[in-house]
Amino acid sequence: MGKIAIGNPGEASQPDAIRAALAEFFCMVIFVFAGEGSGMAFNKLTHNGSATPAGLIAAALSHAFALFVAVSVGANISGGHVNPAVTFGAFVGGNITLLRAILYWIAQLLGSVVACLLLKFSTGGLETAAFGLSAGVSSWNAVIFEIVMTFGLVYTVYATAIDPKKGNIGTIAPLAIGFIVGANILAGGAFDGASMNPAVSFGPAVVSWTWTNHWVYWVGPMIGAAIAATVYETLFIGDGAHEPLTSNDF
């Protein structure tokens, strides 16, 4: 917690901060358009069959592929967060200032809304379905799901992208991040939709104006991200926490 920084008030107007926020906006448009769009396409082709095993697999694959691309194209500009929870985790770990994090959050939320509006207009008014809970799943059950799944996601981000000792493993960070999101969708998609990303939930909720249990998709991911950041920063990045193995040790 001692690493948390508010940032300089002038940071929001710095060219690199603005470029980073724009990168997050476009990355989010790419991710949500592909992920949400795949679900809409599957519903159209199967007459509302997205809540089937095939629909779950399709959602996992489309989100994994789209996130791999979105993180890859944003990594060199903004770090490729593409997720307010990832940005919050980076802030908790002292890897981004609060002011820059706020810029990212605004860009990410706007990107999700724009992607959903584009989908609605380009499909002739088809519904951009908001995230919701399955029958028998309480809001607190869903919060736990989101905490655990987002913990796995942000822990993966730290291990492969943020850790200064990551070495060559950093080259596969976008792939690893896409894989963990796809795997978590297979695990939790049938229960609460497996968001792990407040922006991904926010865009469809705004466009469809559906807010039932929407708080779940903010509270769970933010808590999971904060726990992952605290654990990884404390145990594995702190002074003397670990040293990378030499190539001869593998």
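Helix 3 and helix 4 are roughly antiparallel to each other, because their angle counts as such (over 145 degrees). This is a predicted model, in which local features need pLDDT of at least 70 and side-chain atom pairs count only at pLDDT 80 or more, while totals for chains, interfaces and linings use all residues. Residues are numbered from 1 along each chain as its sequence is written, and side-chain values use heavy atoms, with hydrogens and water left out. Helices are DSSP runs (H or I, at least four residues) numbered from the N terminus.

**Helix 3 with helix 4**
- The axes of helix 3 and helix 4 (residues 98-122) cross at roughly 175° and come within 9 Å; axes are lines fitted to C-alpha atoms over the stretch in contact, with angles from 0 to 180 degrees between N-to-C directions.
- Contact (heavy atoms within 4.5 Å) is made by Pro 84, Thr 87, Phe 88 and Phe 91 of helix 3 and by Leu 98, Ala 101, Tyr 104, Trp 105 and Gln 108 of helix 4.
- By class, this contact of helix 3 with helix 4 has seven nonpolar, two polar and no charged residues; Ala, Val, Leu, Ile, Met, Phe, Trp, Tyr, Cys and Pro count as nonpolar, Asp, Glu, Lys and Arg as charged, and the others, Gly among them, as polar.

**Helix 3 with helix 8**
- Helix 3 (residues 84-92) also packs with helix 8 (residues 216-237), at an angle of about 35° and with the axes 8 Å apart.
- On the helix 3 side the contact includes Pro 84 and Phe 88, and on the helix 8 side it includes Pro 221, Met 222 and Thr 230.
- Nine nonpolar, two polar and no charged residues make up the contact of helix 3 with helix 8.

**Helix 2**
- The 22 residues of helix 2 (residues 53-74) should span 32 Å at 1.5 Å a residue (1.5 Å times one less than the number of residues), and the end C-alpha atoms of helix 2 are 32 Å apart, which agrees.
- Among the buried residues of helix 2 (under 20% relative accessible area, 1.4 Å probe, protein chains only) are Gly 55, Leu 56, His 63 and Gly 74.
- The cover over the buried residues of helix 2 includes helix 1 (15-46) and helix 6 (173-192).

**Helix 1 and Val 32**
- For the 32 residues of helix 1, the expected span is 46 Å, and its end C-alpha atoms are 46 Å apart, which agrees.
- Val 32 is found in helix 1 and counts as buried because its relative accessibility is 3%.
- Not counting residues up to four places away in sequence, Val 32 touches Gly 37, Ser 112, Ala 115, Cys 116, Leu 119 and Val 200.
- His 47, which follows helix 1, has a positive phi near 60°.

Definitions and conventions:
Helices (H or I, at least four residues) and strands (E, at least two) are DSSP runs, numbered from the N terminus. Angles under 35 degrees count as roughly parallel, over 145 as roughly antiparallel, 65 to 115 as roughly perpendicular and the rest as oblique. Buried means under 20% relative accessible area, exposed over 50%, partly exposed in between (1.4 Å probe, protein chains only).
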